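Here are some notes on the model you sent, set out as numbered points. Please read them with the structure open beside you.

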Amino acid sequence: MTDPVPANPFIRYRTRLDSYAIARARGWSDDEFVALVGRLDDAIAGVAGHGFVSTPTRTVPRLADALGVEATVHVKDETGNVGGSHKARHLFGVMLHLAVTDDQQGELAIASCGNAAVAAATLARAVRRPLRVFIPVWADPVVVELLKSLDARVEVAERRAGEHGDPAYLRFVEAVGSGAVPFSVQGSSTPTTIDGGRTIGWELADQIADTPGRVRLFVQIGGGALASAAWKGLREGRPSTPVVLHAVQVEACAPLPRAWRLVTDDLASDLSLDIPDRPAARAGLLEGRATEAHRLMSEHVDRYMRPWDPVGSSAATGILDDVTYDWRTVAGPMIEGGGWPVVVTESQILEANRLGREHTGIDVDPTGTAGLAGLLERSTRDTIERDDQVVLLFTGIRRSQGPPDAG
């Protein structure tokens with residue numbers, strides 16, 4: 001009799017996790033690691049009402065028809081995950097690393113305007129560990145009350161005179177400098193956050209058909225960890241499938257597309273290539289040049305990634321990070337696979353949310369459907385071919401009926 005496939009992705013894919021490799025190197029048995037995941041998951045279920053399971057991915061022909069796309073369109077629904085979003089996957093990966101390395105002491109810290117904070121507070125309460133959450137002044141009151149109900153120490157970060165950058169993130173950095181343990185969904189500050197996020201890509205590799213065409217992954221970008229983790233996991237789970245990454249940001253705050261254009265300008269110059277203006281043509285010309293791009297990005301960080309100032313407003317509040325913290329691990333895969341970033345308007349953000357909710361029935365917030373907004377941009381949509389598979393990540397449940405919350 002064949003053993004059933006474990007529902008919990010952290011058990012199902014455990015041998016691919018970095019935390020598993022560390023545990024085994026330290027002498028843990030497989031059973032001991034599985035027991036750890038089970039104990040933590042049970043504790044989380046005691047707070048959230050349920051633990052981790054693989055989230056569904058389904059084909060949505062009605063949505064493809066509404067968009068005028070002939071390719072197959074898949075939607076992965078993360079709104080039913082722990083904490084109402086994908087963020088808890090990242091943080092559970094961090095929690096496993098803390099457990100296998102015996103780092104069980106000290107206050108945790110995170111900067112977030114919404115779902116990442118809720119996920120962090122849920123997991124921190126489950127293991128009875130103190131958490132400081134730094135939030136912007138405009139954070140959704142519904143989210144703030146939820147954080148307080150989970151016993152998080154909420155601190156509103158106001159901008160100081162002469163200060164540049166996100167005040168919440170700056171206060172988080174100060175807290176970590178004073179001894180707090182980073183419990184963040186940004187790979188730049190918490191590298192182990194990518195480990196758990198890869199489970200999204202591994203699931204996608206098992207859930208979507210293995211066809212000869214390309215997979216086009218449209219991902220909404222705030223800090224960038226979701227895109228880098230999902231792309232990495234999908235590539236690991238389906239190494240023979242070409243994966244084209246499209247990072248989506250809104251006009252109100254688009255530091256990544258600006259950085260990508262500067263990098264590709266310099267890359268083309270180094271290669272003595274005439275660089276076209278159209279993003280699709282530019283991406284096609286430089287496809288496969290990730291090694292050269294990473295060299296440039298490492299040598300000239302401040303030239304390419306600078307804070308977006310001023311940051312405008314958007315219903316997709318969860319992607320208004322003034323800096324794309326994990327930008328190199330998003331720009332590199334785009335260049336490698338021939339993808340490019342897509343800048344969308346606020347009207348496209350709102351229309352994407354309407355279409356996404358109408359044609360899937362998922363009660364997702366505008367941040368969570370911002371990747372879909374990238375498909376509303378005609379210059380991008382016109383490049384999609386019939387045998388492509390388009391993958392969208394619906395990432396955050398709608399918490400407020402009025403102004404939408406972060407995804």
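1. Strands, as the word is used here, are DSSP runs of E with at least two residues, numbered from the N terminus, and helices are DSSP runs of H or I with at least four residues. Please keep in mind throughout that this is a predicted model. On that definition, valine 156 belongs to strand 5, which covers residues 153-156.

2. Valine 156 also takes part in a nonpolar patch on the surface, where Val137 and Trp138 are its partners and the accessible area of the three together is about 310 Å².

3. The sheet to which strand 5 belongs is an open one of four strands, arranged in the order 5-4-3-6 with parallel pairing. Its edge strands are strand 5 and strand 6 (181-182), each of which pairs on one side only. Strand 6 runs parallel to strand 3 (residues 108-111), and two bridges join them; looking at individual residues, alanine 109 has proline 182 of strand 6 as its bridge partner.

4. Which residues of helix 2 are buried? In this helix, which spans residues 18-25, they are Ser19, Tyr20 and Ala23. Viewed down the axis of helix 2, the buried residues fall within an arc of 100°, and they therefore line one face of the helix. Their cover includes helix 3 (30-48), helix 5 (87-100) and helix 9 (193-207). After helix 2 comes glycine 27, which has a positive phi, near 100°.

5. Helix 13 (residues 290-299) can be read in the same manner, its buried residues being Ala290, Ala293, Leu296 and Met297. Seen down the axis of helix 13, these buried residues fall within an arc of 120°, so they line one face of the helix. The elements against which they pack are helix 11, helix 14 (301-304) and helix 15 (328-337).

6. Is proline 257, in helix 11 (residues 255-270), buried or exposed? Proline 257 counts as buried because its relative accessibility is 11%, and the cut-off for that term is under 20%. Leaving aside residues up to four places away in sequence, proline 257 touches Gln249, Pro341 and Val343. Of these contacts, the one with proline 341 links positions 84 residues apart along the chain, and the C-alpha atoms of the two prolines are separated by 5.5 Å.

Terms used. Residues are numbered from 1 along each chain as its sequence is written. This is a predicted model: local features need pLDDT of at least 70, side-chain atom pairs count only at pLDDT 80 or more; totals for chains, interfaces and linings use all residues. Side-chain values use heavy atoms; hydrogens and water are left out. Patches are made of residues with over 30% relative accessible area and no salt bridge: like charges are joined within 9 Å, nonpolar side chains (Val, Leu, Ile, Met, Phe, Trp, Tyr) within 5 Å. Accessible areas come from the Shrake-Rupley method with a 1.4 Å probe; for residues, only the protein chains shown count as cover. A salt bridge is a side-chain nitrogen of Lys or Arg within 4 Å of a carboxyl oxygen of Asp or Glu. Buried means under 20% relative accessible area, exposed over 50%, partly exposed in between (1.4 Å probe, protein chains only). The arc is that of the directions from the helix axis to the C-beta atoms. Contact means heavy atoms within 4.5 Å. Two strands pair if DSSP finds at least two bridges between them.
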